[in-house]
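Trainee: Could we go through the aromatic residues and the nonpolar core of this model together, one question at a time?

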Amino acid sequence: MEFALSEEQRMLQDTVGRFLADASELDTVRKSAEAHEAFSKTIWTGFAELGVAGILIPEEYGGLGLGMLEAALMSEMTGRHVAPIPFIGTAVMAPLALRLAGSDEQKAAWLPRLASGEVVAGVAVTEVIGARDGASVTAQGDVLSGSALFVIDGPGADIFIVADKEGSLFLVEASAKGLERIDLTTIDLTRPVSELRFENVAAERLPNSNPAAVQQMIDAGRTVIAADTLGAGQMMIEKAVDYAKERKQFGRVIGSFQAVKHLCAEMAAELEPCRSLVWYAAYAQDAIPEEGALMSCHAKAHLSEVGRFVARTSTEVHGGMGFTDLVGLHYWFKRIGLDRQLLGGPERVREEAARLQGWAA
């Protein structure tokens, strides 16, 4: 029985981490955010050349054929380096939708292009979790109407995977007639989201789609979002510790004061146990599917709360410098904030967990 990462998994994570440390430096992130880019094509191209865009795609379609645990390890790295790339939708949720529900022709047409990074996919499933007023997608045959909010990886997408209110999945090309894409303003400029408006838009139904497949997509998305928060939180702790070792007050580095030591220690004590929770949630998606939904809820909800604590405390350790663009801490702070809300906030996700365990109607 193995309770740790294999050597291959560690090597994969280290390789991607080193790549992002160089490619997604703070200045690069800042330029991408200030330019309001959908994503950094330079980073995404390099990421895809490593093969990571196809991490969940079977080898016969040009992917790596790996599992959700490896995808979570990659997501941890994208969060650690606040990488402005479309990983969650394009590399995780869309390939999973095609694998679970697509026809052989659809898989052959799109999975190789997703694996190469040539095609970016947005995912519109928010209305399945909780539709806002006036927002939902309805299908009459293979024609879609309505709207979808908070489309993950939507701004730069070439195709969209869309769930209607009945739990069926559709593939829609961004150029489809009657489809309007509106980029939304959120706190996180490293991963913009979109609203989609459908007016009698012709779509390709994924023939094997059903509510269970949609839920599995959402479970996978929640798990990698939790991993993204884990990586972002870890980086914020490291930045706080480094700052506490350098910043002097009253003739001493502030890290020598017990109050600051306790803040840093408390952050580490809260975040480190989350690692095993995220790993187990990711492992369960493939190996223990009956626990997949529940564990994804636990991981998403708990990381949302711990991530917010770490983001606030790290900023506090930095004092006034934590609010400056010079330090750039706000990119991680806001990334954790968006992670908290994507695919359901912690209150909503805990409610789902309670229902799954029979504790709520």
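**Aromatic pairs and the nonpolar core**

Mentor: Let us begin with the aromatic pairs: in this predicted model, a search of the whole structure finds three of them.

Trainee: What is the geometry of the aromatic pair that Phe 47 and Phe 87 form?

Mentor: The ring centres of Phe 47 and Phe 87 are 5.8 Å apart, and their planes meet at 90°. This pair links distant parts of the chain, since Phe 47 belongs to helix 3 (residues 41–49) and Phe 87 to helix 5 (residues 87–101), 40 residues apart. Both residues are buried. As planes over 60 degrees apart count as edge-to-face, the pair of Phe 47 and Phe 87 is edge-to-face.

Trainee: Why is the pair of Tyr 280 and Tyr 283 called tilted?

Mentor: Stacked rings need planes under 30 degrees apart and edge-to-face rings need over 60. The centres of Tyr 280 and Tyr 283 are 6.3 Å apart, and the pair is tilted because the angle between their planes is 40°.

Trainee: Is Tyr 283 buried, partly exposed or exposed?

Mentor: Tyr 280 and Tyr 283 both lie in helix 9 (residues 258–287), three residues apart, or about one turn of the helix. Tyr 280, at 32% relative accessibility, counts as partly exposed. With a relative accessibility of 44%, Tyr 283 also counts as partly exposed.

Trainee: Which helix gives the largest share of the largest nonpolar core?

Mentor: This core has 115 residues, and those touching the most other members are Val 92, Met 93, Leu 169, Val 172 and Phe 198. The largest share, 16 residues, comes from helix 8 (residues 211–246).

Notes:
Residues are numbered from 1 along each chain as its sequence is written. This is a predicted model: local features need pLDDT of at least 70, side-chain atom pairs count only at pLDDT 80 or more; totals for chains, interfaces and linings use all residues. Side-chain values use heavy atoms; hydrogens and water are left out. Rings of Phe, Tyr and Trp (its six-membered ring) pair if their centres lie within 6.5 Å; planes under 30 degrees apart count as stacked, over 60 as edge-to-face and the rest as tilted. Helices (H or I, at least four residues) and strands (E, at least two) are DSSP runs, numbered from the N terminus. Buried means under 20% relative accessible area, exposed over 50%, partly exposed in between (1.4 Å probe, protein chains only). A nonpolar core is a set of buried Ala, Val, Leu, Ile, Met, Phe, Trp, Tyr and Cys residues joined through side-chain atoms within 4.5 Å.
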